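The following exercises concern contacts between chains and pairs of charged side chains. Each task is followed by a solution in steps.

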Amino acid sequence: MPKQLAIILPVIIAIIISGCGNQSTPEDSGSNQPQQLPSDANLLVIGDVSDEPDQSTAFWQPLANYLAANLVDQGIDGGTVRVAPDLETMTRWLQSGVVDVYIDSSYPSLLVSRDSGSIPILRHGRGGVSEYHSVIFTLNSTGLTELDDLEGQLVAFDAPYSTSGFFLPAYFLIDNGYTLSEKSSNNAAVSEDEIGYVFSYQDINALQWLLSNRVNAVVTDSITFQEIPASTREQIVILAETESLPSQLVSVAADLNPNLRDALVEVMEAMTESEEGLAVLDQIDTSNFDTIPGGLEAFVTRTNQMFAVVEG
Amino acid sequence: MTYLSGKFRNLQLAAKFSIGASLLVAITIAAISLLSLDQERQHFRHDLEEQANLLLLSTSLASDTGLYELDAFYLSNLASEISGDEVLNVRFYDDTGRLVADNTGDPETLFIIEPNATGIDLLDEEEPLLRWEDERLFAGRNVLLGNGVVGAVSLELSTEELNTQIAATRNQAVGAAFLAIIAAIAVAYALSRSITAPIRQLAQASSQVAEGNYKVQYEGNASGEVGELVNSFNTMTEAIRLKTRDLQRATRDAQEASRLKDEFLSVMSHELRTPLNAMIGFLGIVQMTEKQMTDKGLHRVERARSNAERLLALINDILDISRIESGRMQLVPTPVNIRQEVAKLNDQMAVLAEEKGLSLVVSVDKMLPEMVTVDEDAFTKIATNLVGNAIKFTEEGQVTLALLKDTNDWIIEVKDTGVGIPAHMHQIIFERFRQVDGSTKRKYGGSGLGLAITASLIRAMNGTINVTSAPNEGATFTVRIPIVDTARSQALSRMEVEVA
């Protein structure tokens with residue numbers, strides 16, 4: 001036990017010092033990351049945004065290696081991973097050619113694409129889920145039964161860059177004529193003509209806040225919603241479900257050689273056809289890479305409309 | 001149990017002592033070990049409880065803000081960091097007792113609306129609640145932020161290490177106990193050997209003493225009580241040796257005296273019987289040849305002859321009893337026509353009976369074989385003594401002599417109608433020189449040796465004699481002598497003759 005305490009206590013102290021409840025953002029944790037990285041025309045670079053660069057690099061490196069090995073005829077002789085601390089950094093890296101391929105969920109991918117010109121090329125079925133949507137729900141005990149009841153109430157969203165936890169429900173509510181108002185805490189007052197929202201930064205927080213009556217309603221992605229035990233779901237009222245978006249997108253830098261881009265699409269779509277490709281997909285917890293339903297142009301048009309609504 | 005106790009009783013003293021001492025040591029060590037183990041267990045439990053308290057306090061401090069803000073993600077990470085092999089479960093409850101985070105992250109338990117019973121209980125626990133459960137120690141308490149209860153935390157600590165420590169202590173105790181028992185057995189065995197070795201040697205010496213070797217002495221070293229026993233033994237054997245030597249000397253002297261007595265008796269009887277026979281012979285000649293002798297003179301000669309004959313009979317009796325008692329009388333059983341012997345006896349004794357006006361009735365059982373194997377002289381002396389006594393002590397009536405056959409014995413039965421014998425004299429009359437009383441001897445005469453000789457002869461023939469009588473009711477003497485196979489004894493006799 002003393003040995004265990006010697007391990008646990010510093011962890012606890014470190015957690016206390018770091019401050020509980022204050023979620024670290026990519027900007028906070030990545031301040032020591034290089035802002036400019038040299039590009040190498042012969043390397044295929046996959047980019048990711050994370051505050052845990054080691055884990056992220058280890059996670060994506062198998063895919064980088066696989067793609068490089070299958071793009072030799074395009075002049076690629078190696079694959080690597082670059083981890084940016086935030087979306088702004090990633091935007092710059094895509095613009096400067098430091099990163100060739102960027103994989104993230106839809107909303108951040110679209111934000112980076114809007115600012116850097118990166119081009120979404122494929123849908124990424126991470127965790128076996130290619131698309132998801134958002135579910136807005138509350139408890140029976142709140143007495144709320146329809147969207148209109150949300151006015152004057154506080155709803156828990158996930159995070160500002162979350163597709164299902166912000167982008168989809170914000171667009172849905174605004175598009176339906178409601179006024180959203182961000183609140184700094186779940187104790188903040190909400191006026192009758194608005195729907196207040198507060199970021200929980202984690203689905204688990206949002207759910208617990210609802211179950212503990214800290215908020216009146218909550219938004220989660222459809223996958224998380226399915227994890228709620230059946231006994232609890234029986235006491236839940238679904239107020240709305242949004243349209244679906246790809247859970248993850250694969251984007252490439254705007255200036256990436258079109259031949260390489262086409263070859264990349266071909267290689268990634270064909271990964272399910274080889275044992276080596278399937279093994280790599282399994283390592284990155286992905287079922288497949290496929291094309292965006294309805295085509296890239298329609299997707300971009302639709303998401304631009306949604307951006308316009310959300311950003312006012 | 002009876003079998004084991006029987007086996008234990010049969011063990012040697014050293015083994016008993018070793019087993020007893022070992023058992024005592026084993027029981028003592030077992031008791032001490034159990035007490036020690038219990039104390040160690042209490043000590044370990046106390047340590048674990050202290051550690052649980054400390055961990056609980058640290059965890060509550062680390063989780064107060066998280067619980068206040070209901071940051072389930074942070075609390076889940078905290079629970080995961082704390083949990084491990086030794087902390088099995090970490091759970092956090094909100095201010096209603098709902099489980100909001102744990103180290104498992106299982107939605108089935110975390111996303112439940114209803115408050116948790118344990119959580120509700122812990123909200124009121126300002127002091128750590130400790131509870132021992134199977135294979136774990138449960139610890140829980142509420143979590144305060146300022147003066148308000150913001151939730152509760154519970155931990156479940158594994159007792160595996162505790163059990164391992166207890167097992168290690170137990171194993172050490174068992175090992176130490178085993179070594180102590182081995183040492184105890186060795187010490188007990190050595191000690192018991194030091195005690196029992198002299199005793200065993202004494203036992204061996206005693207066996208030699210029992211076999212007649214009185215010169216044996218214990219030569220080993222012994223002290224204390226055993227030493228006293230050894231000294232006593234040596235003193236005893238020396239005393240026995242000296243007594244035995246004295247007895248041997250006395251025996252030799254007695255044997256020599258007996259031999260001299262026998263020689264004396266032999267010589268004296270010869271020296272006495274020779275002139276007595278001459279006297280009796282000459283007195284008989286005088287009675288037959290001296291025609292001028294008056295009746296008074298003849299009567300005196302007759303009395304002289306009668307007294308000489310009584311004296312000769314007495315001397316013969318003394319010689320007989322002397323030979324019997326010295327073992328020099330050898331009986332020689334031979335086939336005897338018992339009916340002829342009885343007829344001769346009748347001829348001799350009938351005269352005496354008639355002189356006293358008595359009738360002598362003699363009978364022989366038809367089942368009795370014609371030839372009976374017996375020492376003829378002994379049979380004659382037995383029958384003569386018994387019939388003679390019967391005639392002597394009977395004043396009127398009759399005397400009967402009957403030879404009967406039983407299953408394994410033949411029987412000489414002599415019955416009279418005489419003065420009888422009191423019950424208290426039934427055994428005494430078979431002793432030497434004993435008659436019913438002094439007056440009897442004076443009235444009826446006799447040496448008092450007849451029945452003693454008769455009884456001795458019967459014993460020599462492996463027979464028995466008993467008397468049934470009462471004063472003035474006569475007496476019946478019954479002699480039982482085992483029947484000897486006549487044919488076999490005849491063959492034996494022939495062999496003896498041929499060897500001779």
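**Exercise 1.** By about how many helical turns are B:Arg305 and B:Glu309 separated in helix 8 of chain B?

*Solution.* The model considered here is a predicted one. Step 1: locate the two residues. Both B:Arg305 and B:Glu309 belong to helix 8 (residues 295-326) of chain B, where they are four residues apart, so about one helical turn separates them. Step 2: examine the side chains. Those of B:Arg305 and B:Glu309 form a salt bridge, with 3.4 Å from N to O; this satisfies the cut-off of 4 Å. Step 3: consider accessibility. B:Arg305 has a relative accessible area of 28% and is partly exposed; B:Glu309, at 36%, is partly exposed.

**Exercise 2.** Determine which parts of chain A the salt bridge between A:Glu311 and A:Arg114 ties together.

*Solution.* Step 1: establish the pair. The closest N and O atoms of A:Glu311 and A:Arg114 are 2.5 Å apart, and the two residues form a salt bridge. Step 2: place each partner. A:Glu311 is found in the segment after helix 12 (296-310) of chain A, while A:Arg114 belongs to helix 5 (residues 106-116) of chain A; the pair therefore ties together parts that are 197 residues apart in sequence. Step 3: apply the accessibility classes. Partly exposed residues lie between the limits of 20% and 50%, so A:Glu311 at 45% is in this class, and A:Arg114 at 42% is as well. Step 4: look for further partners. A network of salt bridges links A:Arg114, A:Asp115 and A:Glu311.

**Exercise 3.** Describe the interface of chain B and chain A, beginning with its residues and ending with the make-up of the side of chain B.

*Solution.* Step 1: count the residues. Chain B contributes 38 residues to the contact and chain A contributes 29 residues. Step 2: state the area. About 2900 Å² is buried between the two chains, with 63% given by carbon and sulfur atoms. Step 3: identify the polar links. There are 13 residue pairs in polar contact across the interface. Step 4: assign the elements of chain B. Those that give two or more residues to the side touching chain A are helix 2 (13-69), helix 3 (72-82), strand 2 (99-102) and helix 4 (107-110). Helix 2 of chain B gives the most, with 13 residues. Step 5: sort by class. The side of chain B that touches chain A has 22 nonpolar, six polar and ten charged residues. Step 6: check for salt bridges. Between chain B and chain A the count is zero, whereas over all chains the count comes to 17 salt bridges.

Methods. Residues are numbered from 1 along each chain as its sequence is written. Chains are lettered from A and ligands numbered from 1 in the order in which they are written. This is a predicted model: local features need pLDDT of at least 70, side-chain atom pairs count only at pLDDT 80 or more; totals for chains, interfaces and linings use all residues. Side-chain values use heavy atoms; hydrogens and water are left out. Contact means heavy atoms within 4.5 Å. Buried area is the accessible area (1.4 Å probe) that two parts lose on being put together, summed over both. A salt bridge is a side-chain nitrogen of Lys or Arg within 4 Å of a carboxyl oxygen of Asp or Glu. A polar contact is a pair of N or O atoms within 3.5 Å; within protein, one must be able to donate a hydrogen and the other to accept it, and residues adjacent in sequence count only if both atoms are side-chain atoms. Ala, Val, Leu, Ile, Met, Phe, Trp, Tyr, Cys and Pro count as nonpolar, Asp, Glu, Lys and Arg as charged, and the others, Gly among them, as polar. Buried means under 20% relative accessible area, exposed over 50%, partly exposed in between (1.4 Å probe, protein chains only).
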